[in-house]
Amino acid sequence: GAPSSGGGQLAFTRWSNEHWNWKNYRGGTAPEIWIGAPEAGMFRNITGHEANDMFPMWIGGRGYFLSDRTGTPNIWSSDSSGDGVSQVTGFDGTGNGADSFDIRWAGVDTARGGSRIIIEQGGELAIVDAATGDIERQQLINSESLENLAPCLLVPAEGASPPTVDE
């Protein structure tokens, strides 16, 4: 779950289907975003949509989440009552490179005061500006850093055959 910045509310999903391989699943186990005050024991569904809504986050008093309600997973936001729903990113499953893949694993960049969302898309990490929807792709390994890696010797376990190279 994701606690609000004031700590009074908690947003969460009761389950996730992130590991499922069903695209655009619509059914009884599609995850929804719930919000409430834990000390009061009162929670309500704020998304109420047949789509898969998951990975709730708080940024500046608004709730952000991943949803495939347009067919392709995108970042969406709403106020704490579930009203004022708006789409933040606009991926449609076409394009080149990582842009053509579904967003997976969204989370708030807490090191920057919670103003950015980190996503995984097409095996790459990207940073989404929550206010503008602008996306900054991250390069984690470049060819220069690979040159600085030290060679290593692989020693087979006792009794194991040494590795062979097929030509």
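**Exercise 1. Determine whether Ser78 is buried or exposed, and identify its contacts.**

Step 1. Ser78 has a relative accessibility of 2% and therefore counts as buried; buried means under 20% relative accessible area, exposed over 50%, and partly exposed in between, with a 1.4 Å probe and protein chains only.

Step 2. The residue Ser78 belongs to strand β7. Strands (E, at least two residues) and helices (H or I, at least four) are DSSP runs, numbered from the N terminus.

Step 3. Leaving aside residues up to four places away in sequence, Ser78 touches Ile46, Arg62, Gly63, Phe65, Asp83, Gly84 and Val85. A contact here means heavy atoms within 4.5 Å.

Two conventions apply throughout. The model is predicted, so local features need pLDDT of at least 70 and side-chain atom pairs count only at pLDDT 80 or more, whereas totals for chains, interfaces and linings use all residues. Residues are numbered from 1 along each chain as its sequence is written, and side-chain values use heavy atoms, with hydrogens and water left out.

**Exercise 2. Describe the secondary structure and the burial of the protein.**

Step 1. The protein contains one helix and twelve strands. Along the sequence, the pattern reads β-β-β-β-β-β-β-β-β-β-β-β-α.

Step 2. Of the 167 residues in the protein, 34% are buried.

Step 3. Among contacts with a separation of 6 or more, 33% join residues 24 or more positions apart.

**Exercise 3. Identify the residues and elements that build the largest nonpolar core.**

Step 1. A nonpolar core is a set of buried Ala, Val, Leu, Ile, Met, Phe, Trp, Tyr and Cys residues joined through side-chain atoms within 4.5 Å. The largest has 16 residues, and those with the most contacts inside it are Tyr64, Ile75, Ile103, Ala106, Ile117 and Ile119.

Step 2. Two or more residues of this core come from each of β5 (53-59), β6 (62-67), β9 (103-108), β10 (116-121) and β11 (124-129). Strand β5 gives the most, with four residues.

Step 3. Ala106 touches Phe55, Met57, Ile75, Ile117, Ile118 and Ile119, again not counting residues up to four places away in sequence.

Step 4. A second, separate core has seven residues, including Ala11, Ile35, Ile46 and Phe65.

**Exercise 4. State how many salt bridges are present, and analyse the pairs formed by Asp68, Arg69 and Arg116.**

Step 1. Side chains of opposite charge can pair when their charged atoms come close. A salt bridge requires a side-chain nitrogen of Lys or Arg within 4 Å of a carboxyl oxygen of Asp or Glu. By this rule there are four salt bridges.

Step 2. Asp68 pairs with Arg26, and their closest N and O atoms are 3.1 Å apart. Because Asp68 lies in the loop between β6 and β7 (74-78) and Arg26 in the loop between β2 (10-12) and β3 (34-37), the pair ties together parts 42 residues apart in sequence. Asp68 is buried, at 6% relative accessibility, whereas Arg26 is partly exposed, with a relative accessible area of 30%.

Step 3. Arg69 forms a salt bridge with Asp53, with 3.0 Å between the closest N and O atoms. Arg69 lies in the loop between β6 and β7 and Asp53 in strand β5, so this pair ties together parts 16 residues apart in sequence. Arg69 is buried at a relative accessible area of 17%, and Asp53 is buried at 0% relative accessibility.

Step 4. Arg116 and Asp109 meet through their side chains in a salt bridge of 2.6 Å, N to O. Both Arg116 and Asp109 are buried.
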